[in-house]
Amino acid sequence: MKQVAELAGVHVSTVSRALNPATRSVVLPEAVARVLKAANKLGYRLDPVAASLRTGRSKLIGILIPQIATSVFTPILAGATGRLAAHGYFAIVGYVGTDCEAQLEFAHGLIARRVDGLILATVTRHDPLVSFCIEKGVPTVLVNRSEDQSRLSAVVSDEVLGAQLAVDHLVELGHVKIGHIAGPPDISTGYLRRRGFVQALASHGFDGNGAPCEVAPAYSREHGKEAACRLLGAHKDLTAIVAANDSLALGVYDALRELGLQCPRDLSVVGHNDMPLVDMVEPPLTTIRISHQEMGRQVADLLQQAINVREQPVHNVVLPPKLIVRGSTASPRKMSWRAAQFRRAP
């Protein structure tokens, strides 16, 4: 470091600050440029282990994600890791599934490696992993999902409002026979979006509690198709379905193809999340957009605050969703799809 300082013509402390992303902003830009140029020429890099021994911080953050096979978490990770890097942190990402024991084991391993904090995208409404993190005293925040008790700070979307936007759109188009494919009820997104759907129908004078609904045990295309087949089999007069996420909505598309029906001619479909590429399916999916990348950035900021000031009140950041209208919704046909099927039959 002394050699870098001499070559750059600055004090050693300036080199330390300039090479640390968390303190670089306090150094004049031209001095930072000289330090980086000198460090690059000499092949110098900060020793993170030595820095950890000196500061008591590892600059490592653990992020637990339930699955990799969905693109919902990709923009969350992009936002979180980008902001963490700006704070001088490195992320360790673990895809831990839904098994509680596996999640606890992974979190225990991260804490044993002295991560400075954890971001959990895995929580259920009553989650033992949250209890574990609180007991261990490690700064932890939640993203995309929350607990009923709100024991830890979280960054989430306004799930109830998202469902309201979906129902409002369909009612404005003239739909009155609207069904719902709900997500897993033990996850806040599934529970709150279903509650929002019921409340939204009630706000328009419909029987929300009696509305057709099928619960999917997981957010997957396969479970969406199975739930849609059950829903359409039991309710022949449906003209629209609000799905709790885009994967479930794509499963509805599969069910419609199997039944010989077309979207939106026979049935309008609304998803939730606005996952990448859902604008490229046929028809392009009308959905509720969640700012997942912004969610990731804000949860990184929230964790930074929790690391710097340990005793903080729980703070929940709720981001507003947005309705994105595409080609999967239209006004309902005057004749139900079931009646139309019989008319088309030879």
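**Notebook: Asn273, a parallel sheet and helix 12**

Entry 1. I started with Asn273 and found this residue buried, with a relative accessible area of 4%; the cut-off for buried is under 20%, so the label fits. A reminder to myself: this is a predicted model.

Entry 2. Where does Asn273 lie? I traced Asn273 to the loop between strand 9 (268-270) and strand 10 (287-289). Next I listed what Asn273 touches, leaving out residues up to four places away in sequence: Val72, Arg193, Asn245, Asp246, Thr287, Ile288, Arg289, Ile290 and His292. With Arg193 I also found a side-chain to side-chain polar contact of 3.5 Å.

Entry 3. I then turned to the sheet that contains strand 9. I read an open sheet of four strands, in the order 7-6-8-9, with parallel pairing. Strand 7 (213-215) and strand 9 are the edge strands, each pairing on one side only. From one strand to the next, I get an average twist of 15 degrees.

Entry 4. Next I checked how strand 8 (residues 240-243) meets strand 9, and counted three bridges in the parallel sense. Which residue is the bridge partner of Ile241 in strand 9? I found Val269 there.

Entry 5. I looked for helices on this sheet. Helix 9 (residues 188-203) packs on the sheet and touches strand 6 (178-182), strand 7 and strand 8; the direction of helix 9 makes about 165 degrees with that of strand 6. Helix 11 (residues 246-259) lies across strand 6, strand 8 and strand 9, and runs at about 160 degrees to strand 9.

Entry 6. His292, a contact of Asn273, took me to helix 12 (residues 292-308). I did a quick length check: at 1.5 Å a residue, the 17 residues should span 24 Å, and the end C-alpha atoms are 25 Å apart, which agrees. I noted the buried residues of helix 12 as His292, Met295, Gly296, Val299, Ala300, Leu302, Leu303, Gln304, Ala306 and Ile307. A useful rule here is that an α-helix has 3.6 residues a turn, so residues three or four places apart point the same way. Among the elements that cover these buried residues I noted strand 1 (60-65), helix 5 (73-86), strand 5 (154-157) and strand 11 (316-319).

Entry 7. I finished on strand 11. Which of its side chains are buried? Val317 and Leu319 point to one face and are buried, while Asn316 and Val318 point to the other and are not. Strand 11 pairs with strand 5 in the parallel sense over four bridges, and I found Val155 opposite Val317.

Notes:
Residues numbered from 1 in each chain as written. Predicted model: local features only at pLDDT ≥ 70, side-chain atom pairs only at ≥ 80, totals over all residues. Heavy atoms only, no water. Helix = DSSP H or I, 4+ residues; strand = E, 2+ residues; numbered from the N terminus. Expected span 1.5 Å × (residues − 1). Buried < 20%, exposed > 50% of the residue type's maximum accessible area, 1.4 Å probe, protein only. Contact = heavy atoms within 4.5 Å. Polar contact = N/O pair within 3.5 Å; in protein donor to acceptor, adjacent residues only side chain to side chain. Pairing = 2+ DSSP bridges. Axes fitted to C-alpha atoms, helices over the stretch in contact; angles between N-to-C directions.
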